[in-house]
Amino acid sequence: MVVRLSSFATVLGLLAAVGSGSSATTFDSRAETGSAAIYSVRPDGHGRRLVARPNPPVPYFARSPDGTHIAFFRAEDGAVYISRPSGANRVQVTPPGSGYGAPVFSPDGEKLALGTPGTSCGPRCTTLGSLYVVDTDGRNLHRVADEGGGPSWSSDGRQIAYRGPLGIYVVAAAGGSSRLVGPDGRLHVWAPRGRRIAYIGSKGGYGVPCFVNADGSGRRCMSGFSAVWPPVWSPDASRIAFTYAGRKSWLAVARADGRGLRRFTVRAQRPRPLAWSPDGNRLVYEEGFGVQRFLVRPLAAKARSTVVASAPVRGRLTEDVRWRAGRISYVVYEAVSALTPGRWSPARR
């Protein structure tokens with residue numbers, strides 16, 4: 001099956017969806033070289049520190065929900081591994097040369113969803129790879145979808161939402177038949193609790209936030225504007241944040257039923273929300289298209305944003321951002337040329 005991409009924005013969306021899950025990322029380590037590291041900072045932008053950099057270096061990794069482990073693809077032997085964030089206690093999960101990549105942990109950290117690479121069929125289309133699930137000890141590797149990517153786990157770990165040929169599908173993590181729940185959907189994210197899935201759908205030629213239950217019922221899409229980037233659920237699953245794009249762009253928040261829209265002015269062009277504060281009163285968002293930065297903004301009408309992180313000169317910030325226990329942690333992709341000892345440090349504000 002071929003998925004045809006009708007616009008540059010759709011290409012960006014598919015790239016994000018194929019290699020993403022609960023912690024979205026827009027690249028797959030099979031095509032990257034370099035090193036990734038975890039940093040943390042206080043919400044006021046101070047107290048930045050290195051949390052972990054795997055040794056030996058890996059160009060991309062997915063963090064477990066509790067942050068105690070990472071999963072990554074190792075190009076040297078073509079296998080997926082799990083280790084501590086420091087690189088210690090490495091365990092091989094998939095056979096060498098198997099081609100699996102873009103791992104995403106289940107909510108309990110006991111399983112991984114994996115994808116195989118898609119293939120290009122021209123400048124405006126691509127074929128999707130297959131979707132697999134495996135235990136973190138390497139057992140019970142099985143295919144759950146012939147064509148799919150961007151797995152997003154249900155909060156109980158029993159089901160997976162993924163991007164397939166015709167939109168958003170749901171399948172049991174144990175395998176079985178898939179159900180199309182979001183026709184023409186992309187950039188999907190399962191709520192941190194319950195059965196609700198948010199995604200970007202199509203309405204009147206625009207990408208708009210949509211909501212649907214895991215059984216396909218209760219589908220509702222917003223209208224009157226365009227939305228880009230994946231939606232981000234609040235910790236209590238009562239709201240989503242997204243990018244509202246019209247004549248200008250805003251950060252926007254709506255309830256999980258698609259009502260109660262609020263827009264928040266920021267200076268960034270097409271700001272991208274990434275994480276909520278634990279109390280649901282602030283957002284971490286990204287501004288890019290040049291100097292890539294993370295900022296924090298309170299959800300108040302005239303509040304100001306605070307810069308908390310900037311990309312290194314020869315690297316970039318990834319979308320894996322978490323806000324817990326009074327600190328914001330995030331993953332930085334560091335280019336190889338920037339890793340000469342003594343030459344790289346976190347960018348100052």
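These legends accompany close-up views of a predicted model.

**View 1. The whole chain, predicted as one helix and 31 strands.** The secondary structure of this predicted model comes to one helix and 31 strands. The chain has 349 residues, and buried residues make up 54% of them. About 15400 Å² of the chain is exposed. Carbon and sulfur atoms supply 49% of that exposed area. Contacts were also sorted by separation in sequence. Among those between residues at least 6 apart, 44% join residues at least 24 apart.

**View 2. An open sheet of four strands.** The strand order is E22-E23-E24-E25, and the pairing is antiparallel. Strand E22 (226-233) and strand E25 (262-264) are the edge strands. Each of these two pairs on one side only. On average, neighbouring strands of this sheet are turned by 25° against each other, direction ignored. Strands of a sheet pair through backbone hydrogen bonds, either parallel or antiparallel.

**View 3. The pairing of E22 with E23.** This view stays with the four-stranded sheet and takes in its edge strand E22. Strand E23 covers residues 239-245. Five bridges join E22 to E23, and the two strands run antiparallel. One bridge pair can be picked out by residue: Ser 226 has Ala 245 in E23 as its bridge partner.

**View 4. Ser 154, a buried loop residue.** Ser 154 sits in the loop between strand E14 (149-153) and strand E15 (159-164). The relative accessible area of Ser 154 is 2%. The cut-off for buried is under 20%, so Ser 154 counts as buried. A polar atom of the Ser 154 side chain lies 3.3 Å from the backbone nitrogen of Arg 158. Leaving aside residues up to four places away in sequence, Ser 154 touches Pro 107, Gln 159 and Trp 190.

**View 5. Strand E29 and its partner E28.** Strand E29 spans residues 306-310. Four of its five residues are buried, so strand E29 is largely enclosed by the rest of the structure. Strand E28 (residues 293-298) is joined to E29 by four bridges. E28 and E29 run antiparallel. Within this pairing, Val 296 has Thr 306 in E29 as its bridge partner.

Conventions
Residues numbered from 1 in each chain as written. Predicted model: local features only at pLDDT ≥ 70, side-chain atom pairs only at ≥ 80, totals over all residues. Heavy atoms only, no water. Pairing = 2+ DSSP bridges. Axes fitted to C-alpha atoms, helices over the stretch in contact; angles between N-to-C directions. Buried < 20%, exposed > 50% of the residue type's maximum accessible area, 1.4 Å probe, protein only. Polar contact = N/O pair within 3.5 Å; in protein donor to acceptor, adjacent residues only side chain to side chain. Contact = heavy atoms within 4.5 Å. Areas by Shrake-Rupley, 256 points an atom, 1.4 Å probe, with all protein chains shown as cover.
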